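Visitor: I would like to learn how to read helices, burial and salt bridges. Can you take me through a case?

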Amino acid sequence: MECEWKPDGQGLQQILQLLRESQSPDTTTQRSVQQRLEQLNQYPDFNNYLIFVLTKLKSEDEPTRSLSGLILKNNVKAHYQSFPNGVSDFIKNECLQNIGDASPLIRATVGILITTIASKGELQNWPELLPKLCLLLDSEDYNTCEILDSDVLDRPLNIMIPKFLQFFKHISPKIRSHAIACNLFALATDEEPEVRKNVCRALVMLLEVRMDRLLPHMHAIIQYMLQRTQDQDENGDIEEDEAVPDNEQDIRPRFHRSRTELLFHPEWVIKESGILVLGAIAEGCMQGMITYLPELLPHLVLCLADKKALVRSITCWTLSRYAHWVVSQPPDTYLKPLMTELLKRVLDSNKRVQEAACSAFATLEEEACTELVPYLAYILDTLVFAFGKYQHKNLLILYDAIGTLADSVGHHLNKPEYIQMLMPPLIQKWNQLKDEDKDLFPLLECLSSVATALQSGFLPYCEPVYQRCVNLVQKTLAQSMLHQSQPEHGLAEGLGGNIEQLVARSNILTLMYQCMQDKMPEVRQSSFALLGDLTKACFHHVKPCIAEFMPVLGTNLNPELISVCNNATWAIGPEMQPYVAMALRLLVAPVLQQFIRPWCTSLRNIRDNEEKDSAFRGICTMISVNPGGVVQDFIFFCDAVASWVNPNEELRDMFCKILHGFRNQVGEENWQRFSDQFPAPLKERLASLYEPHGQGGREGGGREGGEGCSTLCTGSIRAREGKRK
């Protein structure tokens with residue numbers, strides 16, 4: 001089949017029509033396409049058609065061919081193990097024959113497909129791949145060389161490294177650059193700046209993973225890095241005026257000079273280096289620095305007005321490193337002067353300074369929190385003015401600063417005068433950006449924080465924002481490229497019951513159910529947070545879906561993904577509890593044994609809070625429905641119960657009923673044998689909190705025997721793992 005397979009003409013035309021329709025912006029069309037694609041996956045040679053369109057149908061436009069390859073890539077990720085041998089062989093053969101396609105788009109798609117197949121463990125079953133790649137490395141064709149920059153081919157370095165070494169003298173600077181990136185070797189004196197830049201990046205990467213290999217050469221490496229800081233390029237001494245348009249590659253790290261000269265040196269280069277060092281030592285030497293900060297901070301604030309942009313920008317960063325100390329002092333002494341000067345730099349004429357100042361101010365916001373409330377009008381006035389001043393790159397940082405401000409001051413932002421200042425420019429940007437614009441998602445994250453802070457103040461803007469969010473989730477689900485951000489969560493949390501009508505008029509619950517089963521943990525995490533918010537805000541809409549939601553929540557109680565587990569637990573809140581028994585009797589109770597141990601292991605490490613209370617009420621209800629599901633891991637439940645420092649009386653009573661019920665069921669003798677296996681701190685804690693009058697031997701229950709228990713430290717580790725957005 002590999003080489004003899006030919007497509008049916010009619011079938012090929014149907015698939016081409018489907019590929020064209022999949023590029024339609026209409027959501028109904030996309031949903032229909034997705035359903036038909038799933039149906040076609042039932043036919044083994046459907047994937048042959050997809051690779052045929054990608055590699056052989058050169059009369060078709062490139063976006064359609066590439067889309068065919070990307071759909072095939074998704075099928076490989078999901079179903080490759082079930083591909084018939086003839087199909088997989090045909091796909092691999094076509095990939096190898098088309099690595100050097102003349103089209104960059106097709107070339108890139110073929111490369112993605114090859115690495116996806118390799119990542120499925122197929123390198124061992126694809127013996128032709130590495131020899132073919134090595135053969136292509138000897139080619140003079142630039143196209144076949146460029147595509148070989150891949151890191152997922154399961155340790156082919158023994159074969160590839162000698163070949164890459166040959167490319168350090170390739171005629172193309174891009175190939176020389178790729179060769180260094182692949183091997184972490186160096187062409188220290190290469191004439192091309194981009195190649196030298198990758199040398200520095202490679203050395204930094206190697207330093208992080210194998211410092212022992214670099215230590216014998218550290219002196220030479222430091223000398224080389226210092227030499228590179230003297231390279232003359234666009235990031236050197238030239239003032240970067242805001243009139244210069246942003247370049248997509250602008251966001252890159254800069255190697256600062258690090259001479260050990262005086263902080264107050266009249267030469268700006270040495271002063272900049274001294275300020276950099278002061279910021280670099282902040283984390284490790286904070287206690288030693290405290291004595292000097294009252295003298296240094298005012299000087300650094302003055303440096304924010306230095307005539308050199310690079311001094312101003314590095315001063316912003318250094319000051320942000322001491323923000324925690326600043327907010328611990330009287331506000332008028334350091335916070336107010338620092339805030340005032342940083343906001344001036346937010347409106348600096350130099351783009352690099354704008355970026356540094358905006359980032360530094362976001363750090364200050366996180367530390368100061370409600371200390372900033374008296375200055376909100378001035379802060380908002382500055383940040384809103386920046387909307388009209390900033391270009392593309394710095395707008396992304398501005399979104400973050402505004403979102404952080406909203407998180408930090410919370411409901412204090414919900415005043416008519418503040419809303420009138422802040423919302424018009426945000427909504428203007430919102431309306432300007434198209435759905436496919438990558439800048440939309442940082443803006444959505446910003447709006448999520450703002451909606452949470454404004455609460456009812458966001459109502460005039462909620463419907464168009466909500467509807468567009470739903471459409472975005474629907475569209476990206478249809479394209480199988482769901483983004484991690486789910487801004488409806490912020491709307492639901494901020495608007496509370498006011499979101500009810502929006503939920504009623506949309507299919508958000510259906511979309512959320514799909515997202516709850518997404519392969520990406522970040523998507524599931526956000527989905528469970530949204531479910532928890534909707535459960536509180538409009539439970540009557542959630543109630544009909546409980547039967548579908550509960551098994552998904554149960555399967556995500558996995559402590560290896562702590563944030564996902566935490567949000568899944570939180571989503572089973574008090575509003576659901578009257579219905580939990582009904583749903584669990586049929587759905588979750590039979591599988592309680594599958595997740596009770598990881599649930600307990602995870603929840604024991606969370607500090608006491610309302611969400612933990614809600615989660616434990618839910619699990620206690622599950623145990624009351626199916627006590628047999630916890631028997632094999634009852635010692636882990638006891639450990640989780642003991643992690644509570646101060647449960648409220650109602651929850652304490654639920655714990656007592658379960659503990660005493662098991663104890664009574666198995667009898668005193670069996671309970672004693674079981675509890676003798678407890679670590680001493682666990683045994684003492686349970687006895688002091690849940691025994692009648694602190695005495696043992698009267699009530700309770702348990703099981704004979706028991707399995708090992710994670711070591712209990714009294715008080716447990718209070719991981720800061722509250723509800724995650």
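The talk below takes these features in turn.

Guide: This is a predicted model, where local features need pLDDT of at least 70, side-chain atom pairs count only at pLDDT 80 or more, and totals for chains, interfaces and linings use all residues. Residues are numbered from 1 along each chain as its sequence is written, and side-chain values use heavy atoms, with hydrogens and water left out.

Visitor: What span should helix 14 have?

Guide: Helices are DSSP runs (H or I, at least four residues), numbered from the N terminus. The expected span is 1.5 Å times one less than the number of residues. Helix 14 (residues 268-280) has 13 residues, so 18 Å is expected, and its end C-alpha atoms are 18 Å apart, which agrees.

Visitor: How many residues of helix 14 are buried?

Guide: Buried means under 20% relative accessible area, exposed over 50%, partly exposed in between (1.4 Å probe, protein chains only). In helix 14, 11 of its 13 residues are buried. Among them are Trp268 and Leu278. The buried residues pack against helix 15 (286-289), helix 16 and helix 17 (309-321).

Visitor: Which residue forms a salt bridge with aspartate 435?

Guide: A salt bridge is a side-chain nitrogen of Lys or Arg within 4 Å of a carboxyl oxygen of Asp or Glu. Aspartate 435 pairs this way with arginine 468, with the closest N and O atoms 2.8 Å apart. Aspartate 435 lies in the loop between helix 23 (416-432) and helix 24 (440-454), and arginine 468 in helix 25 (residues 459-478), so the pair ties together parts 33 residues apart in sequence.

Visitor: Is arginine 468 buried or exposed?

Guide: Arginine 468 is buried, at 14% relative accessible area. Aspartate 435 is partly exposed, at 25%.

Notes: Helices (H or I, at least four residues) and strands (E, at least two) are DSSP runs, numbered from the N terminus. Contact means heavy atoms within 4.5 Å.
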